[in-house]
Amino acid sequence: MSDDYLWDGSGEPDPEVERLERLLATLRSDRPAPELPENLGLRKRSVLFRHSIQLAVAAAAVVLVIAGWFLLRRERPSWEVVSLEGTPRIGSESISASGRLAVGQWLETDSSSRARISIGIIGEVHVDPNTRIRLLKAGADDHRLALARGKMHAAIWAPPRLFSVETPSAVAVDLGCTYTLEVDEAGISLLHVTSGWVAFETEGRESFVPAGALCKTRPGIGAGTPYREDASEAFRLALTRLDFEERSADGRLVALDAVLAQAEKEDAFTLWHLLSRVRAGERSRVFDRLQVLVPAPPGVTREGVARLDRQMLDRWWDR
Amino acid sequence: MTFPLALAQSDNAFLANAARKGDRPAFGLLYSRFARMVHGILLARVPRSEVDDLVQDVFLLALRRLDTLRDPCAFGPWLAMIARNRATDYHRRSRETTELSEDCAAQDPRPAEALAVLSTIQKLPEAYRETLVLRLVEGMSGPEIAERTGLTPASVRVNLHRGMKLLREKLEGREAS
């Protein structure tokens, strides 16, 4: 028997390995992360403190002075903005070279200006002309902008979910990537991912958009279904009708059948998203087409997918 | 469709640097990403009843020593080495604790057969027992073990193959006797 199953879980399952996996999984630990000491590097200082009370007093005084200095200088968190062209504005002030964008402030470019925002140490955003963007949060675990209109290009090298951009109809959550996001006057957004992944989220609806794919949103509806950048025009139009325009059952079926007929193997991620978005009566059509393009792994059944079994959907995604 | 793998590649270097500067959420993320690996490495070497505490020791030790991590991209292999050293240190320092742990094993509520198989794995050569525990107990795949520990995929595959062969022989011998 091949050892593929032992190696990465693929291939024909080895019954003995499966039995041992089930048996030994009971030995896993679920203990949470440890409480961390208040001060990192405490150990070195404590040795010094034990040997010198005077040094401790002096150090405490220094700490008090530094803390007081920081308190006096305390400001709202802000990010550096550099003008790349023209004179962008932060609030009511024009910036010719550079400035600081504080939480709550708007950065605005006109038709002849562009800017670059440094997102702390985790990345940067280039702001195109005719864009209005606001800094919402600049915390250690939540870096958040709001794009009201215009276009921005983000390059983020942080762990997933530390950086996000709110648009009028969805939130783009960075999963480690570079992407372009634009919002028109009607609040319609278009996300284009060039590397990594972005999650486009609205209440109860989430699209995972990989590199080389796009995703639209509409106010009042939220994120549409992601599709690859080189999908055919017919495929895109049918998907837009299905996501945002068709309300009648007949109209939806026509649009859905057009999407499925045009779909190729590379569109499997689009069809996977559709499984949980289409109406219950439409789901088996998507199942059948996806099954042809990327056969469901063992254990993923039509019935399970029909009731949107999360584990089955995830297993098919992993395929 | 490889979303989970894409996430797995996200930036340990960034997290390690942030943790080194005292960023606790970053350290928490590293913990969730590497806890299984550390648990498995220790479980392959020390009594089971000691492992949970030692896992926490290893992470706290790593936090204190983060400034000795020369290449943040090698966080996984560096942490694996700390875990192996901690296991060695455990055996060097506490013979009494080992005996006490074995007494405690009798009261362990987990299936006796699981503990017996674990005991058999713990008697295999070191290279085999670590990869087998990571694969069979912690549920990591071979590629994941290689990526986390810094071992080459070829080494992990060979260790899994040979280790499993040895384990089958030992288990069959146990049943026969």
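Start by selecting Arg157(B) and Asp4(A): the two form a salt bridge, with their closest N and O atoms 2.7 Å apart. Keep in mind as you click around that this is a predicted model.

**Widen out to the interface**

That pair sits among company, as the rule finds five salt bridges across the interface of chain A and chain B. Add polar contacts to your view and you get eleven residue pairs across the interface, both partners at pLDDT 80 or more.

Which helices of chain A should you colour next, as suppliers of at least two residues each to the side that touches chain B? Pick α1 (4-8), α2 (15-24), α7 (268-275) and α10 (310-318) of chain A. If you only want to zoom in on one, make it α2(A), which gives the largest share of that side, seven residues. Now colour the side of chain A that touches chain B by residue class: 30 residues are nonpolar, 14 are charged and four are polar.

Next, show every contact residue on both chains. You should have 48 residues of chain A lit up against 54 residues of chain B. Switch on a surface, too: the area buried between the two chains is about 4,600 Å², and carbon and sulfur atoms give 66% of it. For the complex, the predictor gives an ipTM of 0.84 and a pTM of 0.52.

**Over to some strands in chain A**

Hide chain B for a moment and select residues 132-139 of chain A, which make up strand β8. On one hand, β8(A) pairs with β5 (residues 106-108) of chain A, antiparallel, over three bridges. To find that pairing on screen, pick Glu108(A) and look for its bridge partner in β8(A), Arg132(A).

On the other hand, β8(A) pairs with β9 (residues 142-156) of chain A, also in the antiparallel sense, over seven bridges. Here the handle to grab is Ala138(A), whose bridge partner in β9(A) is His143(A). How many residues does the hairpin from β8(A) to β9(A) run through? Trace the chain and you'll find two.

**Last stop: colour chain B by pLDDT**

Chain B has a mean pLDDT of 79, and 77% of its residues reach 70 or more. Among its elements, helix α8 (residues 126-137) of chain B has the highest mean, 92, while helix α1 (residues 3-8) of chain B has the lowest, 36.

Select residues 1-10 of chain B: pLDDT stays under 50 there, and the model has 21 contacts for this stretch beyond four places in sequence. Then jump to residues 95-105 of chain B, where pLDDT is also below 50 and the model shows ten contacts beyond near neighbours in sequence.

How values were computed: Residues numbered from 1 in each chain as written. Chains lettered and ligands numbered in written order. Predicted model: local features only at pLDDT ≥ 70, side-chain atom pairs only at ≥ 80, totals over all residues. Heavy atoms only, no water. Contact = heavy atoms within 4.5 Å. Buried area = accessible area lost by both parts, 1.4 Å probe. Salt bridge = Lys/Arg side-chain N within 4 Å of Asp/Glu carboxyl O. Polar contact = N/O pair within 3.5 Å; in protein donor to acceptor, adjacent residues only side chain to side chain. Helix = DSSP H or I, 4+ residues; strand = E, 2+ residues; numbered from the N terminus. Nonpolar A, V, L, I, M, F, W, Y, C, P; charged D, E, K, R; others polar. Pairing = 2+ DSSP bridges. pLDDT = per-residue confidence, 0-100.
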